[in-house]
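The following note offers comments on the structure shown below. The points are numbered and may be read separately.

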Amino acid sequence: MDTTEKSKKVLVPVANGTEEMEAVILIDVLRRAGANVTVASVEEQHRVVAANGVVIVADALVSECEGQEFDLVALPGGMPGSERLRDSKTLQQITQKQAESCQPYAAICAAPVVALQSWGLLKGLHATCHPSFADQLESAETAGSRVVKDNGLTTSQGPGSAFEFALSLTQQLYDHEKLALVRGPMVLPSNDGKESGKILFNEQKWPSNGVPHVLVPVANGSEEMEVVIIVDILRRAGAMVVVASVEEETTIVASRKVKLVADQLLSDIHETKFDLILLPGGMPGAERLQKSETLLNMLKDQVEGKRVHGAICAAPAVVLQSHDLLQGKKATCHPGFTDKLKDQTAVEGRVVIDGLLVTSRGPGTAMEFALAIVEKLFGIKKAKELVSHLVIDE
């Protein structure tokens with residue numbers, strides 16, 4: 001008897017102006033669970049420019065998905081992305097068919113109101129959405145909830161609830177056992193009071209001239225959630241963020257097969273000085289960053305020039321430690337790589353800042369990582385504003 005688990009088919013539509021964190025967290029988490037996720041553009045081309053400038057290349061056009069059956073259709077939010085999803089007649093038909101067939105459908109942030117409600121798919125159902133759209137919900141009874149499930153409909157509030165949203169959908173498609181397998185490696189908060197949050201050593205002011213210029217190098221196999229969360233949050237804060245590929249072309253295929261387009265090739269900007277260089281993790285992405293001589297030279301110059309540098313997930317161990325760039329510094333990294341760090345003092349910290357070095361543990365700490373950087377660069381008030389707007393559970 002064939003006991004192979006059937007792969008679940010999931011449609012995640014995207015558009016120009018889609019919220020990149022919500023889209024990529026959905027895609028990444030569901031692919032970690034084993035789902036066959038199709039990222040479909042409602043535009044005339046596969047390439048979309050998300051709300052905060054991240055460029056995503058979809059797997060297909062939504063027109064190519066018409067007539068297919070899906071186990072789940074899940075809409076990310078963002079503006080004007082939600083409006084562009086709403087205006088896609090093909091997507092409307094696919095989602096209405098999903099609801100009529102009593103198959104799961106979902107939306108987050110602005111999309112529950114802007115798309116689903118306008119299509120008549122919230123009638124008689126409890127839902128939630130981003131707080132800025134809550135007064136537009138026909139039934140606002142559950143508007144303050146982070147994730148709401150009512151029959152086949154699941155809705156959520158925003159980027160800060162996107163992990164909870166994606167994990168709820170994972171559990172609906174699979175089971176509690178699969179949920180635990182997916183959740184663990186992401187290093188999400190345990191809420192058991194045993195974890196260390198942000199740990200500070202050798203506290204000092206980070207140098208910056210006006211608008212901070214930030215480099216986020218990427219490679220084939222970089223962890224897409226980490227890349228997108230860092231870029232999105234820092235751009236929201238007002239930083240000038242450049243995403244640069246260490247590969248020979250700007251389009252990279254990340255660890256969970258999300259196609260991202262970098263702003264530039266690293267080789268074209270290797271002489272540029274940045275206020276911060278922040279390395280995403282993911283495998284084999286971290287290894288590919290580690291092998292880039294151009295990046296290594298820039299990192300050495302960053303350290304020698306007393307400018308801020310940081311890394312998350314596998315990158316602190318695979319890149320910084322391997323090149324002896326953690327000498328005399330406290331750092332953390334993904335639990336799977338902590339044995340590679342020479343100094344084990346701070347490995348349990350979710351975010352560790354030691355002078356001009358900042359490190360963190362994984363996708364589930366990426367928002368904390370980015371917000372800690374925002375606080376250092378722009379102050380606690382700006383960080384708190386972002387926490388509120390992103391609907392992060394403090």
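**Comments on the predicted model**

1. Asp-324 is located in the loop that connects α10 (315-321) with β18 (349-354). The model is a predicted one, and the backbone at this residue deserves a comment. Although Asp-324 is not a glycine, its phi is positive, at about 55°. The residue is partly exposed, its relative accessible area being 41%.

2. A second residue other than glycine, Val-391, also calls for a remark, since its phi is positive and near 60°. Val-391 belongs to the segment after α12 (380-390). Is this residue buried or exposed? With a relative accessibility of 10%, Val-391 counts as buried, the cut-off for that class being under 20%.

3. Two cis peptide bonds may be considered together. One of them links Met-79 to Pro-80, with omega about 10°. Pro-80 sits in the loop between β6 (72-75) and α2 (81-86). Another cis peptide bond links Met-283 to Pro-284, and here omega is about 10°. The loop that holds Pro-284 runs between β16 and α8 (285-290).

4. The next point concerns strand β11 and its surroundings. Strand β11 spans residues 213-218, and five of its six residues are buried, so the strand is largely enclosed by the rest of the structure. Which strands pair with β11? Strand β12 (residues 240-245) runs parallel to β11 and is joined to it by six bridges. Strand β16 (residues 276-279) also pairs with β11 in the parallel sense, over two bridges.

5. Individual residues can be placed within these pairings. Val-216 of β11 has Val-243 as its bridge partner in β12. For Leu-215, the bridge partner in β16 is Ile-277. As to the connection between the strands, β11, α7 and β12 form a β-α-β unit that is right-handed.

6. How many cavities of 30 Å³ or more does the structure hold? There are two. The largest cavity contains about 90 Å³ of space. Its lining consists of Gly-53, Val-54, Val-55, Val-218, Val-227, Val-231, Arg-235, Val-243, Leu-260, Val-261, Ala-262 and Asp-263. Val-243, named above as the bridge partner of Val-216, is thus listed among the lining residues of this cavity.

7. The elements around the largest cavity can also be named. At least two lining residues come from each of α7 (224-237) and β14 (259-261). The greatest contribution is that of α7, which supplies three residues. Helix α7 is also part of the right-handed β-α-β unit with β11 and β12. In terms of residue class, the lining comprises nine nonpolar, one polar and two charged residues.

8. The second largest cavity has a volume of about 30 Å³. It is lined by Leu-200, Phe-201, Asn-202, Glu-203, Gln-204, Ile-353, Gly-355 and Lys-376. The classes represented in this lining are three nonpolar, three polar and two charged residues.

9. Glu-203, one of the residues that line the second largest cavity, merits a separate comment. Its position is in the loop between β10 (196-201) and β11. Is Glu-203 buried or exposed? Its relative accessibility of 62% places Glu-203 in the exposed class, for which the cut-off is over 50%. From Glu-203 to Ala-286 the separation is 83 residues in sequence and 27 Å in space, C-alpha to C-alpha.

10. Finally, the cysteines should be addressed. The structure contains zero disulfides. For Cys-333, the closest cysteine sulfur belongs to Cys-313 and lies 8.4 Å away, which is too far for a bond; the cut-off for a disulfide is within 2.5 Å. Cys-333 counts as buried because its relative accessibility is 0%. Cys-102, by contrast, counts as exposed because its relative accessibility is 68%.

Methods. Residues numbered from 1 in each chain as written. Predicted model: local features only at pLDDT ≥ 70, side-chain atom pairs only at ≥ 80, totals over all residues. Heavy atoms only, no water. 1 Å grid on protein atoms, 1.4 Å probe; cavity = no way out; pocket = protein on both sides within 12 Å on 5 of 7 lines; lining within 4 Å. Points joined across faces, edges and corners; volume = space filled by probe spheres on them. Helix = DSSP H or I, 4+ residues; strand = E, 2+ residues; numbered from the N terminus. Nonpolar A, V, L, I, M, F, W, Y, C, P; charged D, E, K, R; others polar. Buried < 20%, exposed > 50% of the residue type's maximum accessible area, 1.4 Å probe, protein only. Pairing = 2+ DSSP bridges. Right-handed = clockwise from strand over helix to strand, strands pointing away.
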